[in-house]
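Open the model in your viewer and keep a selection prompt at hand. The stops below are meant to be taken in order.

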Amino acid sequence: MGLQYRKAKVTLTYREEKPEVYKLRQLTYPQVKFGQLVNECSQSCGVNPAQTRAVIDALVNRLVLYMGLGHGVKMGDFGSFKPVFTSKTVKNLEDLDGDEALKTVKVKKVMFFPGKAFKDMVDDLALESAGEALDVKE
């Protein structure tokens with residue numbers, strides 16, 4: 001099974017003329033909880049859950065440490081994580097001096113760049129209809 005969708009008639013309420021358009025809407029499912037994932041990983045590799053959790057916690061700790069220092073982190077076929085920011089433009093170079101420069105930063109975030117395992121999964125991901133159309137207002 002892959003991603004499931006329904007056809008949806010969408011009323012664009014934010015537009016003055018409130019047009020009706022059609023699109024595919026993805027069905028969503030509950031997230032897999034971390035504990036369940038740890039238990040499944042520990043069973044699949046023959047390590048107890050406490051050890052598996054300790055390794056994952058240490059990995060996250062190291063990711064945070066290195067990205068906090070500005071490094072990107074590559075994790076094989078899983079992919080890469082990279083800390084990035086975007087900033088506003090200014091008209092004068094002097095506007096980027098001192099603390100004023102930091103006020104131009106709009107967003108700080110971590111980007112994820114999928115590796116081969118995720119790219120292959122997305123390429124092979126099936127899309128399936130889940131039934132009748134829905135009426136939705138946006």
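The tour goes from a sheet to the helix lying across it and ends at a group of aromatic rings.

This is a predicted model, in which local features need pLDDT of at least 70 and side-chain atom pairs count only at pLDDT 80 or more, while totals for chains, interfaces and linings use all residues. Residues are numbered from 1 along each chain as its sequence is written, and side-chain values use heavy atoms, with hydrogens and water left out.

**Stop 1: the sheet**

Select strands 3, 4 and 5, which make an open sheet in the order 3-4-5 with antiparallel pairing. Strands here are DSSP runs of E with at least two residues, helices are runs of H or I with at least four, and both are numbered from the N terminus. Two strands pair if DSSP finds at least two bridges between them. Strand 3 (73-74) and strand 5 (105-114) are the edge strands, each pairing on one side only. Strand 4 covers residues 79-87 and is joined to strand 3 by 2 bridges in the antiparallel sense. Zoom in on Val73 to find Phe81 of strand 4 opposite.

**Stop 2: helix 2**

Add residues 49-68. This is helix 2, lying across strand 3, strand 4 and strand 5 at about 40° to strand 4; axes are lines fitted to C-alpha atoms, for helices over the stretch in contact, and angles run from 0 to 180 degrees between N-to-C directions.

Which residues of helix 2 are buried? Select Thr52, Leu63 and Met67; buried means under 20% relative accessible area, exposed over 50% and partly exposed in between (1.4 Å probe, protein chains only). Their cover includes helix 1 (34-45), strand 3, strand 4 and strand 5, where contact means heavy atoms within 4.5 Å. Now turn to the face pointing away from the buried side: Ala50, Val64 and Gly68 are exposed there.

**Stop 3: the aromatic rings**

Show Phe78, Phe81, Phe112 and Phe118, which form one aromatic cluster. Rings of Phe, Tyr and Trp (its six-membered ring) pair if their centres lie within 6.5 Å; planes under 30 degrees apart count as stacked, over 60 as edge-to-face and the rest as tilted. By this rule there are 5 aromatic pairs. The ring centres of Phe78 and Phe112 are 5.5 Å apart and the planes stand at 55°, so this pair is tilted. Phe78 sits in the loop between strand 3 and strand 4 and Phe112 in strand 5, so the pair ties together parts 34 residues apart in sequence. Phe112 also pairs edge-to-face with Phe118, at 5.7 Å centre to centre and 90° between the planes.
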